[in-house]
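Colleague: I should like to go through this model with you, one topic at a time. Could we begin with the strands?

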Amino acid sequence: MRILAIEDDPDTRAMYARMLRDEGHEAILAADGVEGLQLLDPKPDLVILDLALPDLDGYEVVRTMKADPSTRSIPILIVSASRFEPPADLVGFVAALRKPFDLPLLPAMLSLVGG
């Protein structure tokens, strides 16, 4: 799968890159929500999204993706240290993991949400 990870922490981004590549996926990395939205073309198979991002937070990234017909069907895996309580207008995420999480959970979650 082609997976876009939108994460502001450089160590976590590096961990995603390593883990995704070890699992045979193509890893595309973004440091904030604005950069993440710019990397949606070509369309990834899945987005791993942190909520607490600089400039444009994860909630706004989801809203922007869901408002665009070309990106609304992309599955989103929320991975955040924050407790995730989606607002009423926020729909379309597939699953959520709370940081910190056990590393084997990520590949297992990817297989569930992305195939």
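Colleague: Which residue in β3 stands opposite Ile 3?

Modeller: Leu 46 is the residue of β3 that faces Ile 3. Please keep in mind that this is a predicted model.

Colleague: In which sense do β1 and β3 pair, and over how many bridges?

Modeller: The pairing of β1 with β3, residues 46-49, is parallel and has 4 bridges. Strand β1 also pairs with β2, residues 26-30; these two run parallel and are joined by 5 bridges. Within that pairing, Ala 5 has Leu 29 as its bridge partner.

Colleague: What lies between β1 and β2 to make up a unit with them?

Modeller: Helix α1, residues 10-22, combines with β1 and β2 in a β-α-β unit, and the unit is right-handed.

Colleague: Back to β1 itself. How many of its residues are buried?

Modeller: The strand covers residues 2-6, and 5 of its 5 residues are buried. Arg 2, Leu 4 and Ile 6 point one way, whereas Ile 3 and Ala 5 point the other way.

Colleague: An arginine is on that list. With which residue does Arg 2 form a salt bridge?

Modeller: Its partner is Glu 26, with 3.7 Å between the closest N and O atoms. Arg 2 belongs to β1 and Glu 26 to β2, so the salt bridge ties together parts that are 24 residues apart in sequence.

Colleague: Are the two partners buried or exposed?

Modeller: Arg 2 has 16% relative accessibility and therefore counts as buried, the cut-off being under 20%. Glu 26 is partly exposed at 44%.

Colleague: How many salt bridges does the structure hold?

Modeller: There are 2. Besides the pair just discussed, Arg 63 and Glu 60 meet through their side chains, at 2.9 Å from N to O. These residues are 3 apart in helix α3, residues 58-67, and so are separated by about one helical turn. Arg 63 is partly exposed, with a relative accessible area of 24%, and Glu 60 is also partly exposed, at 34%.

Colleague: Turning to α1, what is its span from first to last C-alpha?

Modeller: The helix has 13 residues and reaches 18 Å, close to the 18 Å expected at 1.5 Å a residue. Its buried residues are Thr 12, Arg 13, Met 15, Tyr 16, Ala 17, Met 19 and Leu 20. Just beyond the helix, Gly 24 adopts a positive phi of about 90 degrees.

Colleague: Which residue that is not a glycine has a positive phi of about 70 degrees?

Modeller: That residue is Asp 55. It is located in the loop between β3 and α3, and with a relative accessible area of 70% it is exposed.

Colleague: And which peptide bond is cis, with omega near 5 degrees?

Modeller: The bond from Asp 41 to Pro 42 is cis. Pro 42 sits in the loop that runs between α2, residues 33-38, and β3.

Colleague: One last loop. Where is Thr 71, and is it buried or exposed?

Modeller: Thr 71 is found in the loop between α3 and β4, and its relative accessible area of 6% makes it buried.

Colleague: What lies 2.8 Å from a polar atom of its side chain?

Modeller: The backbone oxygen of Met 65 lies at that distance from the Thr 71 side chain. Leaving aside neighbours within four places in sequence, Thr 71 is in contact with Leu 40, Thr 64 and Met 65.

How values were computed: Residues numbered from 1 in each chain as written. Predicted model: local features only at pLDDT ≥ 70, side-chain atom pairs only at ≥ 80, totals over all residues. Heavy atoms only, no water. Buried < 20%, exposed > 50% of the residue type's maximum accessible area, 1.4 Å probe, protein only. Pairing = 2+ DSSP bridges. Right-handed = clockwise from strand over helix to strand, strands pointing away. Salt bridge = Lys/Arg side-chain N within 4 Å of Asp/Glu carboxyl O. Expected span 1.5 Å × (residues − 1). Polar contact = N/O pair within 3.5 Å; in protein donor to acceptor, adjacent residues only side chain to side chain. Contact = heavy atoms within 4.5 Å.
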